[in-house]
Amino acid sequence: MTASTAIVLLTRDLRVHDHPALATTCAAFDRVVPLYVLDPALADLSANRTRFLHQALADLRDQLRERGGDLVVRHGDPVAETIRLADEVGATAVALSADVSHYAGRRERRLRAECERHRLHLRLFPGLTVVEPGALRPGGGGDHYRVFSPYHRAWAANRWREELAAPHRIALPDQVRVGRLPALPAGDSPEAAVGGERIAQARLADWLPDLTRYGDQHDDMAGDDTSRLSPYLRFGCVSPLAVANRAGDRSGPFVRQLCWRDFYYQVTAAFPEISAAAYRRGAAEQWRYDDDASAAWTEGRTGMPIVDAGMRQMLAQGWMHNRARLITAGYLTKHLGQDWRSGVAVFFRWLLDGDVANNSGNWQWVAGTGNDTKPYRGFNPVRQAERYDPDGDYVRRWVPELAAVQGKAIHQPWRLPEALRQTLDYPPPLSVPDTDPVWLR
């Protein structure tokens, strides 16, 4: 009897634990080929994420080898390489974790057409979210939830799928060429986290004892008391369902953040243009286009210390505190009046956790073009700084030019005595025509 063979095409699901596509395929087929295709179309989007990806792939290969298998690596178009490999190993089926971006949708449609042409069975699986994007629908019609609160209620009450164990044994076809991973790329952020499932699992285990303090501490910018799991969730190094299950309380503040993540996935599934077009119909988009102001914001030299601190943290670590993300995004769009799409691009360029759904969804929320029920809200950066960095320690770490300024005065250096200001190698706040923000008065 001929052994049955299937391919699991890996994308943003780089783990062996709670991996529905991998676990189900290993249970149903004699031989399974875990495949990752290094797509040149994605290679230059972010040096930080490319480095993290390669670290995660190396860790995944080790874990697959421990189970008797291996990670098969190819370069090129993922659809063409999957079909070519299926022919080489005599596969009859392909498994894939469903994704929601415009790129992922196009890849899935092309793969489906090619599988049909080559008489391969294609099956899509959950795994990138806690609850599948299309599983919850609002009452009274509509293909997705547009407001978070009712989505959260439905999400928390929903029956989640069962968490799956890692396969005990993975058997590759004989003589399959596994391919080599390229040399580890350099990345851009010197303090960037290291990718991989084992690191993600260790980080989760180390952080869980602090979960009870999350509600009180997660906005403490200097304390930096958050899980930092977002890059690992972005690449699927850890299962979002497993994280939610470990955290427990579905209505707790930490699990609520996982729900926000799912919320934007179901928004993006319904509106895949989320990175390029305003989600909210009739949203006013009268933006200024000032290259100098955008450059100053990107480089962390706006003269607004809390904004500059956040941007410099991102440049150094490929990560930014969530409160700083709100402040910096609000400053770019609501104070400088710059197009939110330019902010999406900068964050997507630097952030390890940058993905289409959450990066773009959150930017649109702040800019007033997205799912926020109060689209005209703004973030006063001085008030935010004094509330969430009251002693100025977060700013002192990332804006060392101001390290000598004591207390909360660090948040408004333009109010310092002239003699002291002259000693600081720090720019004045950016001026914006026709505006007089209250925090500069």
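Domain bounds here come from an automatic or database domain assignment. Keep that in mind as you look around, and remember that this is a predicted model.

**Stop 1: colour the domains.** Select 5-127 for domain 1, then 129-160 plus 196-270 for domain 2, and finally 291-422 for domain 3. Notice that domain 2 is written as two stretches of the chain.

**Stop 2: domains 2 and 3.** Hide domain 1 for now. The C-alpha centres of domain 2 and domain 3 sit 24 Å apart. Where they touch, domain 2 brings 21 residues and domain 3 brings 25 residues.

**Stop 3: the buried area.** The size of an interface is often given as the accessible area lost when the parts come together. Between domain 2 and domain 3, that comes to about 2000 Å², with carbon and sulfur atoms giving 57% of it. Now show Asp-219, Met-221 and Tyr-264 as sticks: in domain 2 these lose the most area to domain 3, together 39% of what that side buries.

**Stop 4: a salt bridge.** Stay on Asp-219 and add Arg-323. These two form a salt bridge, and their closest N and O atoms are 3.2 Å apart. How many salt bridges does the rule find across this interface? Just 1. Polar contacts are there too: 10 residue pairs link domain 2 and domain 3 this way.

**Stop 5: the helices.** Select H8 (230-234) and H10 (253-270), the elements giving two or more residues to the side of domain 2 that touches domain 3. H10 has the largest share, 7 residues. Finally, colour that side by class: you'll get 10 nonpolar, 4 polar and 7 charged residues.

Notes
Residues numbered from 1 in each chain as written. Predicted model: local features only at pLDDT ≥ 70, side-chain atom pairs only at ≥ 80, totals over all residues. Heavy atoms only, no water. Contact = heavy atoms within 4.5 Å. Buried area = accessible area lost by both parts, 1.4 Å probe. Salt bridge = Lys/Arg side-chain N within 4 Å of Asp/Glu carboxyl O. Polar contact = N/O pair within 3.5 Å; in protein donor to acceptor, adjacent residues only side chain to side chain. Helix = DSSP H or I, 4+ residues; strand = E, 2+ residues; numbered from the N terminus. Nonpolar A, V, L, I, M, F, W, Y, C, P; charged D, E, K, R; others polar.
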